[in-house]
Amino acid sequence: MSASPPQLYAHPFSSYSQKALVALYENGTPFDYRNLEDADNAAELARLWPMKRFPVLVDGERVVLEATCIVEHLQRHHPGPVALTPAGPDSALDVRMLDRFFDNYMSTPQQKMVFDALRAEADRDPFGVREARAMLDTAYAWLDTHMAGRTWAAGDAFSLADCAAGPFLFYADWTHRIDARFANVHAYRERLLARPSFRRCVEEARPYRPYFPLGAPDRD
Ligand SMILES: N[C@@H](CCC(=O)N[C@@H](CS)C(=O)NCC(=O)O)C(=O)O
């Protein structure tokens, strides 16, 4: 794509940033980390993407939005030993399906609760937060059944779906605890925490735990 390494606009404490970082760390892909803690990088992000959502990857002339697409772009243009999207079309579909599950039914309700906590009291949405809690409980229950007998979310190997699962299960449990009866989900979360790529993200994010508006628990 370009002679220079891709640039990643991201923040260490952000779950979607971690999803892209896990992919980069899995394959030891060189990249230029544009940490959004730096105001100049944040201003550049706003120029690149008016939504100001992150992560965003810049690779030569190409601006890649959305964490899933960033992982897919890396797989295509900077492949390494770990194939995060399988070559077979049906296996690739399984991975993408689980990736969509984690974005839509784990991260979306989790973000809803966090964004609500950041609002002024008068602007809060208690009904929406109750709906988000219910969605997380349904997602935990479905995932518990899905993970029975599995190591990773889709197929036999670590994939894009697990890049999403690491940060989203991490913060979902902080936001709305995963009930103890969902033993397969707890075991999967622990497996993800032990994976060096995600462990590295957790350690890099540790200094920012005071940013968590619901109060970071004293664990993990
Ligand atoms: N659909 C986007 C979601 C990205 C996203 O929501 N990122 C959060 C950080 S984890 C963010 O940009 N938050 C800042 C904001 O909402 O203004 C993706 O898949 O990358």
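# Exercises on the ligand site, pockets and cavity

By class, 5 nonpolar, 3 polar and 2 charged residues form the shell around the ligand. The structure is a predicted model, and the exercises below work outward from this shell.

**Exercise 1. Identify the residues around the ligand and assign them to the classes of the shell.**

Step 1. A residue belongs to the shell if one of its heavy atoms lies within 4 Å of the ligand. The residues are Ser14, Ser15, Tyr16, Arg53, Phe54, Pro55, Glu66, Ala67, Gln111 and Phe115.

Step 2. Among these residues, Tyr16, Phe54, Pro55, Ala67 and Phe115 count as nonpolar. Ser14, Ser15 and Gln111 count as polar. Arg53 and Glu66 count as charged. The assignment agrees with the class composition of 5 nonpolar, 3 polar and 2 charged residues.

**Exercise 2. Describe the contacts that the ligand makes with Arg53, Phe54 and Glu66.**

Step 1. Begin with the ligand oxygen. An oxygen atom of the ligand lies 2.7 Å from an N or O atom in the side chain of Arg53.

Step 2. Turn to the ligand nitrogen. In the contact with Phe54, a nitrogen atom of the ligand is 2.8 Å from a polar backbone atom. In the contact with Glu66, a nitrogen atom of the ligand is 2.7 Å from an N or O atom of the side chain.

Step 3. Consider the cover. On its own the ligand has 510 Å² of accessible area, of which the protein covers 78%.

**Exercise 3. In which pocket does the ligand sit, and which elements give two or more residues to the shell around the ligand?**

Step 1. The ligand sits in the largest pocket. Helix H1 (15–26) and helix H4 (89–118) are the elements that give two or more residues to the shell around the ligand.

Step 2. The volume of the largest pocket is about 800 Å³. Its lining consists of 30 residues, and those nearest the centre of the pocket are Ser14, Ser15, Phe54, Gln111 and Phe115. Two or more lining residues come from each of H1, helix H2 (39–48) and H4.

Step 3. H4 supplies the largest share of this lining, 7 residues. By class, the lining of the largest pocket comprises 20 nonpolar, 6 polar and 4 charged residues.

**Exercise 4. Examine the backbone at Lys52 and at the bond between Phe54 and Pro55.**

Step 1. Lys52 is placed in the loop between H2 and S3. Its phi is near 60°, a positive value in a residue other than glycine.

Step 2. Pro55 is also placed in the loop between H2 and strand S3 (56–59). A cis peptide bond joins Phe54 and Pro55, with omega about 15°.

Step 3. Relate this bond to the ligand site. Phe54 and Pro55 are both among the residues around the ligand.

**Exercise 5. Which residues line the second largest pocket, and which element gives the most?**

Step 1. The second largest pocket has a volume of about 170 Å³. Arg62, Val64, Cys69, Glu72, His73, Arg76, His77 and Thr85 line this pocket.

Step 2. Strand S4 (62–65) and H3 are the elements that give two or more residues to the lining. H3 gives the most, with 5 residues.

Step 3. By class, the lining of the second largest pocket has 2 nonpolar, 3 polar and 3 charged residues.

**Exercise 6. How many cavities of 30 Å³ or more does a search of the whole structure find, and which residues line the largest cavity?**

Step 1. The search finds 1 cavity of 30 Å³ or more. The volume of the largest cavity is about 40 Å³.

Step 2. Its lining is formed by Ala23, Asn27, Thr29, Val71, Leu74, Gln75, His78, Pro79, Gly80 and Leu84. Helix H3 (residues 67–77) gives the most to this lining, with 3 residues.

Step 3. By class, the lining of the largest cavity has 5 nonpolar and 5 polar residues, and no charged residues.

Notes. Residues are numbered from 1 along each chain as its sequence is written. This is a predicted model: local features need pLDDT of at least 70, side-chain atom pairs count only at pLDDT 80 or more; totals for chains, interfaces and linings use all residues. Side-chain values use heavy atoms; hydrogens and water are left out. A polar contact is a pair of N or O atoms within 3.5 Å; within protein, one must be able to donate a hydrogen and the other to accept it, and residues adjacent in sequence count only if both atoms are side-chain atoms. Accessible areas come from the Shrake-Rupley method with a 1.4 Å probe; for residues, only the protein chains shown count as cover. On a 1 Å grid over the protein atoms alone, a cavity is a set of points where a 1.4 Å probe fits but cannot get out, and a pocket is an open set with protein on both sides within 12 Å along at least five of seven lines; lining residues have an atom within 4 Å of a point. A molecule sits in a cavity or pocket if more than half of its atoms lie within 2 Å of its grid points. Helices (H or I, at least four residues) and strands (E, at least two) are DSSP runs, numbered from the N terminus. Grid points are joined across faces, edges and corners, and a volume is the space filled by probe spheres set on the points.
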